[in-house]
Amino acid sequence: MSRNEWQEEVVTRLRGVKYPGFSRDIISFGLVQDMALEGTELKLKLKITTPDPAVPEKIGKEIRDAFKGYGPVKSVTIETEVAPPQATAATGAQGIEGVKKIVAVASGKGGVGKSTVAANLAVRLAQSGLKVGLCDCDLYGPSQALMLGCWEGVRVEEGTERLVPAECHGVKLMSMGMLLGDDSPAALRGPMVTRFTQQFLRQVAWGDLDVLVLDLPPGTGDIQLTIVQTVALDGALIVTTPQEVALVDARKAIAMFRKVNVRILGVVENMSYFIVPGTTQKHEIFGTGGGKKEAKRQEVPFLGEIPLDPEARECGDHGKPVVLERPNSVSGKVFSEFGNHLSKILFLSNSS
Ligand code: ADP
């Protein structure tokens with residue numbers, strides 16, 4: 001049997017092995033680092049990030065079961081590297097029952113595309129088979145209802161009085177703005193905002209989620225701090241544009257998360273370049289390389305450049321994120337890759 005033949009068969013069988021508690025398999029999660037067939041002995045190298053010793057055990061058993069009765073493989077040897085997830089919770093912050101990972105999408109400055117990134121990320125993760133929630137935490141300028149085209153009113157769960165998220169494009173959505181009429185945010189000030197925010201974050205009936213994406217309000221003020229101190233985050237994504245005015249504020253956002261000991265998953269640069277439609281001409285309208293340089297300076301991962309793309313704006317305005325509506329557009333492709341990459345960072349490793 002040629003190398004390609006047995007490898008193909010092994011990969012097919014491993015695709016049948018699900019990561020415990022998830023609908024995705026260990027190949028698509030990227031757990032399998034190496035494989036070799038020596039005679040009839042299959043040697044596998046796995047890398048698993050988990051605090052739970054039962055996970056590698058379960059995976060090992062399922063792998064062995066997957067090769068039962070397959071002639072060319074009589075035994076399977078599995079070498080597993082288990083990396084404990086990094087503890088990042090801010091002091092006093094708590095997890096949310098039923099939610100496996102909580103990620104904040106933040107920016108120092110408004111208008112850099114933070115909500116666009118959060119919406120596309122949430123939809124992409126849902127497309128990949130994960131159970132995803134998106135929480136719009138921007139009390140004063142919520143935009144996720146518009147971006148996901150979701151105008152359901154808020155329902156309250158009978159008995160528990162918890163808020164039931166709406167569901168659109170496979171994503172559970174809750175927005176602070178859904179709770180308030182058009183004029184009321186201006187009436188909420190200081191300590192009232194803090195109390196409202198804390199209560200809101202604890203009162204949503206998310207159910208079981210693989211990932212909850214929090215779309216934070218822009219800036220690094222009291223509301224942002226309240227959020228990151230209320231909910232135990234698995235990490236934060238910082239969205240910026242390439243120019244210095246945005247980078248200065250991105251720096252402040254990174255500093256805020258560091259202060260409360262939250263892991264920075266990385267910096268994403270939005271509106272990095274514009275491709276003239278029908279050509280390959282690339283224009284770097286807001287300059288080039290700013291996000292990458294800043295990420296290097298701050299010693300955090302740089303997660304990529306998202307183009308300025310009119311299709312991303314149009315789709316956002318029409319309530320259908322580009323990754324869903326036009327996956328083959330310039331930005332649709334980049335958002336897809338970005339979502340896949342982030343999923344790996346979240347579920348597989350402690351670094352990018
Ligand atoms: P923020 O949440 O940072 O305030 P938004 O996500 O609301 O920013 O984006 C501001 C505006 O810019 C929106 O109209 C959005 O559709 C548009 N936008 C964001 N990212 C892109 C992009 N990559 N290409 C084109 N338009 C974009």
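**Close-up views of a predicted model**

**View 1. Val300 sits in the loop between α8 (290-298) and β15 (302-305).** Keep in mind that everything shown here comes from a predicted model. Val300 counts as buried, because its relative accessibility is 11%, and the cut-off for buried is under 20%. Look past its neighbours within four places in sequence and you'll find Val300 in contact with Ile254, Arg258, Ile264, Val267 and Ala295. Leu265 is worth finding too: 35 residues separate it from Val300 in sequence, yet the C-alpha to C-alpha distance is 7.3 Å.

**View 2. Cys135 and Cys137 are each other's closest cysteine by sulfur position.** So why is no bond drawn between Cys135 and Cys137? Their sulfurs are 4.0 Å apart, which is too far for a bond, since a disulfide needs the two sulfur atoms within 2.5 Å. With that cut-off, the count comes to 0 disulfides. Both cysteines are tucked away from the surface: Cys135 is buried, with a relative accessible area of 2%, and Cys137 is buried as well, at 0% relative accessibility.

**View 3. Asp309 is a buried residue with no salt bridge.** You'll spot Asp309 in the loop between β15 and α9 (310-317). Which side chain of opposite charge is nearest to Asp309? That's Arg326, 7.0 Å away, while a salt bridge would call for a nitrogen and a carboxyl oxygen within 4 Å. Asp309 does have a polar partner, though: its side chain and that of Ser331 are joined by a polar contact of 2.7 Å. Setting aside residues up to four places away in sequence, Asp309 touches Ser329, Val330 and Ser331.

Key
Residues are numbered from 1 along each chain as its sequence is written. This is a predicted model: local features need pLDDT of at least 70, side-chain atom pairs count only at pLDDT 80 or more; totals for chains, interfaces and linings use all residues. Side-chain values use heavy atoms; hydrogens and water are left out. Helices (H or I, at least four residues) and strands (E, at least two) are DSSP runs, numbered from the N terminus. Buried means under 20% relative accessible area, exposed over 50%, partly exposed in between (1.4 Å probe, protein chains only). Contact means heavy atoms within 4.5 Å. Lys and Arg count as positive and Asp and Glu as negative; His and the chain ends are not counted. A polar contact is a pair of N or O atoms within 3.5 Å; within protein, one must be able to donate a hydrogen and the other to accept it, and residues adjacent in sequence count only if both atoms are side-chain atoms.
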